[in-house]
Amino acid sequence: MKKVLMGNHAASWGARLSKVKMIAAYPITPQTHIVEELSEMCGDGSLDAKFLKVESEHSAMASVISSQSTGVRSFTATSANGLALMHELLHWAAGARLPIVMVNVNRALAPGWNIWVDQGDSLSQRDTGWVQLYVEDNQEVLDSVIQGYRIAEQVNLPVMICYDAFILSHTYEPVDIPDQDLVDKWLPGYQPEHYLNPEKPSAFNGLVMPDNYMEIRYKLHMAHERAKSVTNEVGQSFGETFGRYYGAVEAVECDDAEMVIAISSSATSPARLVIRELRDKGMKIGLLKMRMFRPFPTEEVRAVLKGKSKAVVIDRNCSWGKGGIFADEIKGAISNQEDMPAIYSYITGLGGRSITPDLIHEIVTEVESGEPPAELSVWKGLKQ
Amino acid sequence: MINDYPTEELLKSGCLSCQGCGATIVMRHCLKVLGKNTICTIPACCWSIIAGNWPYNTLEVPLIHTAFETAAASASGIRAALDMKGKQDTRVLAFAGDGGTFDIGLQSLSGATERNEDIVYVCYDNEAYMNTGIQRSSATPEKAWTTTTPTSHPKGGPKKNILQILSGHKIPYCATASVAWPEDLMAKVKKAAETKGTAFIHAYSPCPPGWKISSEKSIEIARLAVNTKIFPLYEIFDGEEYRINVEPKGLPVEEYLKRQGRFSHLDKEDVEYIQKRVDYEWKVLLQRSMMEPFHMNM
């Protein structure tokens, strides 16, 4: 069934098709439509779930942690300051190894108040132990929520699906809604091995002394290592069933490319356009879409970039005092490797500023003709 | 009153509490009433330690440790999951200290109470952050010593009245209880469990190291708290109808204060001041208990 859906409603449909049993959420722009729609779905019976209208994002995450621990597939959604308020419990969800799926609509953090796109909110949750996927369009929003549960339940890690405020959240696109029976077969009901069960009483998340803590944390890290291949396997399997294939990264025209643009989220779409135009003019350029950020797809990035002369990384985010975050991660991934390109880091599009094909063209021209810039990350599109 | 004192113990030996710990007595009696078909959630508090470190559990019920400010939100999540699984008969117990209830957890408690979640919330009140080493909370009584309110500037301002805050939410059932009246405590836990919606018990829980009393004095001090009217035992139904459960002997507050190291710096004026405040609060409680309650069906 095809429907014209805004990104937020695509997320709601993803949760509905995944047959989540518990939703807890608190309103924040630009996420609000997701939970409004889910509230409607719970109300009209099309989704058999309990909707907890909590008093804060902190309580939203606290309650889904406990419902998931009681053995029920749980969902929440937030954005920006709401995600920041959850921070303590993001660590808790991952440390407790709970396969919760959350949608985060990427929005700039205050102050000053800004409700528009910026990846700083979720990227600053990098080390909380969540799998993070950055998606490009509304179809991918819906598909990724369903895949999120398959990934999460396979490795016992929480998964965060991130997409851009307004550019996707409030924009309507045609979206194919998969058949529920097909989804049910592909994503069976949640059957945890351990949950809060009066017939088998045990304690969860208790005090761990130094003689055990490190081993438990090593297991968390190893689960992330597994999540890399699992994300690729799940994306492949999803494609075989539903006809749309996904992976940790997507390489476009990279085989013979001399220069590669690495980019994420909705800004990938204008970059695709630029690649096509430049290819038509004979330039050997490719595109690396960074879908997965945690765990970081180190092997995939190395394989794509090996033998290239230049790679441009365009970041809609900044680690203050360091620079573009994807650029920094990519540099880390290729360090100590032979035959790797020079990395050119660009920061642009913060707080809702557009990343247009013209802007990407300008960046490519600059990198193609010029010397590596003195700055670690160049800010592009600043007003004079 | 419960005439048949339940003999089943769901709190096993080997728990890591201090001697004379009131919080442990409260848990023991709560579980005697609630039984095995209960899921317990505990935020950061003394009980994070008492329950035993990984992989042990001193309770014969499933237990989830949760973040400091989240007891009521966690209980709400467990309730939601149980309801979705058709396990309406399984009880949910949030068991938190005064810090996790009066201070950092007040927002999530207010949220859960306003939503009228079907949970039992028990606050064991030892009147300070005891697990971290006796720092003042908003449940610490006026003029008491703690490590953050040394005798040069003891706790200022009265103890927060948590039952007034909850009755302001029109909570179906809330009550005070004391380790010195275990039958009364258990009867209240039973009522709380039978309440459809949120039920809250404020359980007075002496802490020998924090209060500077010897461990065998816990029950004696708890009894004095009631008999001096410092901690009256009462219930509030639907936030409106008050019922006082134990008639205090009306002993002077000095009898309570002089037995505890945390009040040893008080002078005569301090004691008189506390007596006046206690007398006033008791009058307010009496008046409330004599008021004709508002009934929706009238």
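Which residues does A:Val312 touch, not counting residues up to four places away in sequence?

**Conventions.** This is a predicted model, in which local features need pLDDT of at least 70, side-chain atom pairs count only at pLDDT 80 or more, and totals for chains, interfaces and linings use all residues. Residues are numbered from 1 along each chain as its sequence is written, while chains are lettered from A and ligands numbered from 1 in the order in which they are written.

**Exercise 1.** List the contacts of A:Val312 and place this residue in the nonpolar core.

*Solution.*
- Step 1. Two residues are in contact if their C-beta atoms, placed from the backbone, lie within 7 Å.
- Step 2. With that cut-off, A:Val312 touches A:Met259, A:Ile261, A:Ala262, A:Tyr344, A:Tyr346, A:Ile363, A:Val364 and A:Val367.
- Step 3. A nonpolar core is a set of buried Ala, Val, Leu, Ile, Met, Phe, Trp, Tyr and Cys residues joined through C-beta atoms within 7 Å. A residue is buried if 20 or more other C-beta atoms lie within 10 Å of its own, exposed if 12 or fewer, and partly exposed in between.
- Step 4. The largest such core has 217 residues, and A:Val312 is among those that touch the most other members, together with A:Ile161, A:Val260, A:Ile261, A:Ala262 and B:Val122.
- Step 5. Helix 3 (residues 71-84) of chain B contributes the most to this core, with 9 residues. Helices (H or I, at least four residues) and strands (E, at least two) are DSSP runs, numbered from the N terminus.
- Step 6. Because domain 1 (2-242) and domain 2 (249-379) of chain A both give residues to the core, it lies between them. These bounds come from an automatic or database domain assignment.

**Exercise 2.** Determine how strand 11 of chain A is enclosed and paired.

*Solution.*
- Step 1. In strand 11 (residues 259-263) of chain A, 5 of the 5 residues are buried, so the strand is largely enclosed by the rest of the structure.
- Step 2. One side carries A:Met259, A:Ile261 and A:Ile263, the other A:Val260 and A:Ala262, and all of these are buried.
- Step 3. Strand 11 of chain A runs parallel to strand 12 (residues 285-290) of chain A, with 5 bridges joining them. Two strands pair if DSSP finds at least two bridges between them.
- Step 4. Within strand 12 of chain A, A:Leu287 is the bridge partner of A:Ile261.

**Exercise 3.** Describe the open sheet of 7 strands in chain A and find its edges.

*Solution.*
- Step 1. The strand order is 3-2-4-5-7-6-13, with mixed pairing.
- Step 2. Strand 3 (50-53) and strand 13 (292-294) of chain A each have a single partner strand, so one side of each is left without a neighbour in the sheet.
- Step 3. From one strand to the next, the twist averages 20°.
- Step 4. Strand 2 (residues 22-25) and strand 4 (residues 74-79) of chain A pair in the parallel sense over 2 bridges, and A:Ile23 stands opposite A:Phe75 in strand 4.

**Exercise 4.** Identify what each side contributes where the domains of chain A meet, and where chain B meets chain A.

*Solution.*
- Step 1. The C-alpha centres of domain 1 and domain 2 of chain A lie 27 Å apart.
- Step 2. Their contact takes 27 residues from domain 1 and 20 residues from domain 2 of chain A.
- Step 3. On the domain 1 side, helix 9 of chain A gives the most, with 5 residues.
- Step 4. Between the chains, 39 residues of chain B are in contact with 36 residues of chain A.
- Step 5. Helix 3 of chain B gives the most to the side of chain B that touches chain A, with 10 residues.

How values were computed. Axes are lines fitted to C-alpha atoms, for helices over the stretch in contact, and angles run from 0 to 180 degrees between N-to-C directions.
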